[in-house]
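Trainee: I am new to this structure and should like to understand the terms used to describe it. May I ask how each one is justified?

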Amino acid sequence: MAYRLPTLDVPEVRPEELIPEKYRRKALNIASIPELKAVRKFTNLSHKNYSVDTTMVPLGSCTMKYNPRINEEIANIESFRCAHPLTPEEFIQGTLRVAYELKELLKKLGGFAEVSLQPAAGSQGELLGLLLILAYHRDKGNNHKTVVLIPDSAHGTNPASAAICGFHVKTVKSDKNGELDWDDFMKKLGDDVACLMITNPNTLGIFERKIKEMAYELHKRDALLYMDGANFNAIVGMAKPGDWGVDVMHFNLHKTFSTPHGGGGPGSGPVGVSEKLKPYLPVPQVEFDGKRYYLNHDIPKTVGRLLAFHGHFGVWIRALAYILTYGSEIKKVAEYAVLNARYLRHLLWGTLADPYAHVPCMHEFVLSCSPLLKKGTNAYGVAKRLLDYGFYAPTVYFPLVVREALMIEPTETENPETLRRFAEAIKTIVKEASEDSSVLNGAPHTIPVKRIKEAEANRKPIFKLKD
């Protein structure tokens with residue numbers, strides 16, 4: 001048989017003593033196969049998957065970068081792995097210290113008065129941020145502040161989070177430079193505005209240069225500035241959003257600080273706040289009194305809990321390990337993220353349309369495949385064909401302000417050789433589109449699962465193998 005089981009370390013119990021006959025599983029008639037055959041079967045299957053360990057995953061705005069193995073080793077330390085959230089505080093001082101030190105480092109990196117580690121993902125961090133803004137305005141009697149301003153280039157979760165919290169959304173246009181259109185912003189900045197939700201750098205990979213002026217105009221009207229921290233890896237160690245006047249920002253630990261968040265794995269979206277919002281943070285907050293670490297439940301104006309327990313601790317450990325590994329050189333994350341994006345953009349210059357070619361990009365950039373429409377194919381075809389060249393595809397059709405968008409983020413962990421191979425693959429695909437667009441429209445050709453009807457697969461998934 002192609003398996004070996006460990007020695008039984010619990011008392012053996014006969015099934016008939018516990019389970020009635022009609023509920024017992026019948027013996028399975030499984031053929032015995034050699035171990036080598038089983039190993040090769042499943043190893044070959046694993047090689048058909050795309051992952052950061054095997055290929056570049058340039059998902060724009062989703063930051064799928066390499067996760068150092070030391071992070072996994074630390075997260076797998078038994079006292080961390082087996083800690084239960086109901087364990088008395090005196091027995092988990094080391095665990096609480098991890099949470100406290102991570103919180104303090106995030107406060108320092110973001111320039112915030114306080115941080116809550118509780119949100120389980122960036123989207124839940126958005127939800128908390130807006131709940132804090134809602135609590136702030138209710139506490140001050142600002143019941144007329146019901147509007148959230150959101151740029152047209154924003155992540156889709158931004159308006160969704162605002163709507164869930166009961167706010168009305170007003171969209172602010174982008175200007176010719178890909179930044180928030182100042183005139184449109186000022187036109188819509190009425191007394192009913194509760195906050196502006198903005199990403200900086202934004203989802204076009206462009207830095208919002210008037211961020212301080214935005215904060216000033218908002219604060220003048222007792223409105224707040226929310227910053228989506230999805231792209232914090234472009235500025236970490238280089239700038240502190242709190243210094244710009246940002247009142248609340250969620251950190252995507254699973255993006256900026258290495259834990260891969262693909263495949264449905266856990267995320268973590270801690271929220272940093274200014275002094276204005278500190279009184280409303282969720283409970284509990286991890287604190288240190290100089291002698292012991294403890295969970296503080298005494299926050300009278302709290303918005304309450306987001307989770308039954310305290311957050312995704314395994315992601316916290318990985319994030320803390322990542323930050324401490326870089327130490328005072330954490331700004332290298334931002335430096336290499338921006339350098340890689342600008343280098344790759346340079347390599348692809350003239351290959352596809354670049355609607356913001358006149359503006360420097362930060363950690364990502366957006367190209368347009370609209371010229372390929374005349375050749376009978378599109379961004380979707382480019383994305384599918386990339387799989388045949390051994391690369392995972394970039395984000396397509398987002399942000400919506402760019403037609404046939406191809407949103408590319410190489411991340412700081414990729415090397416120049418890989419970026420050059422990726423650029424050559426894109427160039428070859430564009431050439432193929434000119435010669436025979438059916439090559440793209442029928443792609444992928446070399447992987448087990450060919451092109452599927454994605455909308456139908458989502459609405460009517462088939463979970464069983466065909467006979």
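Mentor: Certainly. Let us begin with N233, which is found in the loop between β5 (224-229) and α9 (241-244); helices (H or I, at least four residues) and strands (E, at least two) are DSSP runs, numbered from the N terminus. This is a predicted model, in which local features need pLDDT of at least 70 and side-chain atom pairs count only at pLDDT 80 or more, while totals for chains, interfaces and linings use all residues. Residues are numbered from 1 along each chain as its sequence is written, and side-chain values use heavy atoms, with hydrogens and water left out.

Trainee: Why is N233 called buried?

Mentor: Buried means under 20% relative accessible area, exposed over 50%, and partly exposed in between (1.4 Å probe, protein chains only). N233 has a relative accessible area of 0%, and therefore counts as buried.

Trainee: What makes the pair N233 and E409 a polar contact?

Mentor: The side chains of N233 and E409 are joined at 3.3 Å. A polar contact is a pair of N or O atoms within 3.5 Å; within protein, one must be able to donate a hydrogen and the other to accept it, and residues adjacent in sequence count only if both atoms are side-chain atoms.

Trainee: Why is C165 in no disulfide?

Mentor: A disulfide is a pair of cysteine sulfur atoms within 2.5 Å. The closest cysteine sulfur to that of C165 belongs to C195 and lies 9.4 Å away, which is too far for a bond. C369 is likewise in no disulfide, as the nearest cysteine sulfur, that of C361, is 17 Å away. By this rule the count comes to zero disulfides.

Trainee: Are C165 and C369 buried or exposed?

Mentor: C165 counts as buried, at 12% relative accessibility. C369, at 0%, is buried as well.

Trainee: How do you know what span to expect of α4?

Mentor: The expected span of a helix is 1.5 Å times one less than its number of residues. With 18 residues, α4 reaches 25 Å from its first C-alpha to its last, close to the expected 26 Å. Among the buried residues of α4 are T95, L96, V98 and A99. Just after α4, G111 takes a positive phi of about 75 degrees.

Trainee: What makes an empty space a cavity or a pocket?

Mentor: On a 1 Å grid over the protein atoms alone, a cavity is a set of points where a 1.4 Å probe fits but cannot get out, whereas a pocket is an open set with protein on both sides within 12 Å along at least five of seven lines; lining residues have an atom within 4 Å of a point. A search of the whole structure finds one cavity of 30 Å³ or more. The largest cavity has a volume of about 50 Å³, and its lining residues include L204, R345, D354 and C361.

Trainee: Which residues lie nearest the centre of the largest pocket?

Mentor: They are K384, L387, Y392, I447 and E454, out of 20 lining residues. This pocket has a volume of about 680 Å³. Helix α13 (residues 379-388) gives the most to its lining, with four residues.

Trainee: What is the volume of the second largest pocket?

Mentor: The second largest pocket has a volume of about 420 Å³. Its lining has 25 residues, and P85, H310, G311, F313 and W316 are the closest to its centre. The largest share of that lining, four residues, comes from α4.

Key
Points joined across faces, edges and corners; volume = space filled by probe spheres on them.
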